[in-house]
Amino acid sequence: LLVAREVPGKQEFDETLRYFRNRLAATGVELRLGARVAVEDLAGFDDVVVATGVTPRVPDVAGIDHPSVVGYLDVLRDGVPVGERVAILGAGGIGFDVAEYLTDPGDNPAADPGVFLASWGVDTSYAARGGLMAPTRHTSPRLVTLLQRKSTKVGAGLGKTTGWIHRTELAARGVQMVAGVTYDRIDDDGLHIVVGDEQRVLEVDTIVVCTGQEPNRSLADELAALGVTAHVIGGADVAAELDAKRAIDQGTRVAAAL
């Protein structure tokens, strides 16, 4: 949630975090931060719930360790510098989030209804026919290309009621979306790709890897080796498409069962 709240328009996660901070304090939960847990630390507990989340998946592409390559956590969480020409590998939810973050004009339509209405061309005075006027859009100073290996429509896996919004917003900002991409290699010349039968070189400053996640369940595996069966929930259970709602539901059900 701390990472997600960095994405423009997702500041409502602040309230989720505020709620859980208050609930932890009210219910007297002992909270230990900044401490990595080893299996030896868990001796004596009757039950263990492993909610250790995910680790980003690193694709098998030649040159993936090139200095121009960064991960989505480097960008959203750590604020690493990103150049003016950017390629994003992976067009799932995180790829779209990173694209929106990197092209954000900073006018914060989520907090300013006037900016939101203007950006979508909504005329609340109804002076324009149908209550619609020309939208006010800002192109991004960055040249961003969003790439995916699948040949399906870019963003097809996004929410049915919101996917078109994200695609429209990014298109208005000049983001190029390319499907059916094979990643060949990365070197000083840029990102070498193949689209159909065509070989291309994207001359970019920064390549952001958003190619999915893997469950971070090493702690659960170590416990299992000692004969301790842990309750594994959230991203540690299923990493595909990070889902806070699913994780909270799992945590609630485990707690009720205990």
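Two residues count as being in contact when they have heavy atoms within 4.5 Å of each other.

**Figure 1. The whole protein, seen through its contacts and its surface.** This is a predicted model. Take the contacts in the protein with a separation of 6 or more: 68% of them involve residues 24 or more positions apart. The chain is built with 7 helices and 12 strands, and its C-alpha trace spans about 65 × 50 × 30 Å along the principal axes. Of the 258 residues, 32% are buried. About 15600 Å² of the protein is exposed, and carbon and sulfur atoms supply 53% of that area. As for charge, there are 25 positive and 36 negative charges, and their mean positions sit 7 Å apart.

**Figure 2. A parallel sheet with five strands.** Which order do the strands of this open sheet follow? Reading across, you go β3-β10-β4-β5-β6, with 5 strands paired in parallel. At the edges are β3 (69-71) and β6 (176-178), and each of them pairs on one side only. From one strand to the next, the twist averages 20°. Now zoom in on β4 (residues 85-89) and β5 (residues 143-147): these two run parallel and are joined by 5 bridges. To find one of the partners yourself, start at Arg85 and look across to Leu143 in β5.

**Figure 3. Helix α3, lying across the sheet.** Residues 93-103 make up α3, and this helix lies across β4, β5, β6 and β10 (206-209). Relative to β4, helix α3 runs at about 165°. Is the helix mostly enclosed or mostly open? It's largely enclosed by the rest of the structure, because 9 of its 11 residues are buried. Among those buried residues are Ile94, Phe96, Val98 and Leu102, and Glu100 and Thr103 belong to the list too.

**Figure 4. A closer look at Asp97.** Asp97 has its place in helix α3. Why does Asp97 count as buried? Its relative accessibility is 14%, and buried means under 20%. Leaving aside residues up to four places away in sequence, Asp97 touches Val7 and Lys10.

**Figure 5. An antiparallel sheet with three strands.** Here's another open sheet, with 3 strands in the order β7-β8-β9 and antiparallel pairing. Strands β7 (181-187) and β9 (198-202) stand at the edges with a single partner strand each, so one side of each has no neighbour in the sheet. The twist in this sheet averages 20° from one strand to the next. How many bridges pair β8 with β9? There are 5, linking β8 (residues 190-195) to β9 in the antiparallel sense. If you want to trace one of these pairings, follow Leu191 to its bridge partner in β9, Leu202.

**Figure 6. His231 and its contacts.** His231 is found in β12, a strand covering residues 231-232. Is His231 buried, exposed or somewhere in between? It's partly exposed, because its relative accessible area is 29%, and that category runs between the 20% limit for buried and the 50% limit for exposed. Along the chain, His231 and Ala51 are 180 residues apart, yet their C-alpha atoms are separated by 8.4 Å. Not counting residues up to four places away in sequence, His231 touches Asp47, Val48, Val49 and Val50, along with Val254 and Leu258.

Conventions
Residues numbered from 1 in each chain as written. Predicted model: local features only at pLDDT ≥ 70, side-chain atom pairs only at ≥ 80, totals over all residues. Heavy atoms only, no water. Pairing = 2+ DSSP bridges. Helix = DSSP H or I, 4+ residues; strand = E, 2+ residues; numbered from the N terminus. Axes fitted to C-alpha atoms, helices over the stretch in contact; angles between N-to-C directions. Buried < 20%, exposed > 50% of the residue type's maximum accessible area, 1.4 Å probe, protein only. Areas by Shrake-Rupley, 256 points an atom, 1.4 Å probe, with all protein chains shown as cover. Lys, Arg positive; Asp, Glu negative; His and termini not counted. Charge placed at Lys NZ, Arg CZ, Asp CG, Glu CD.
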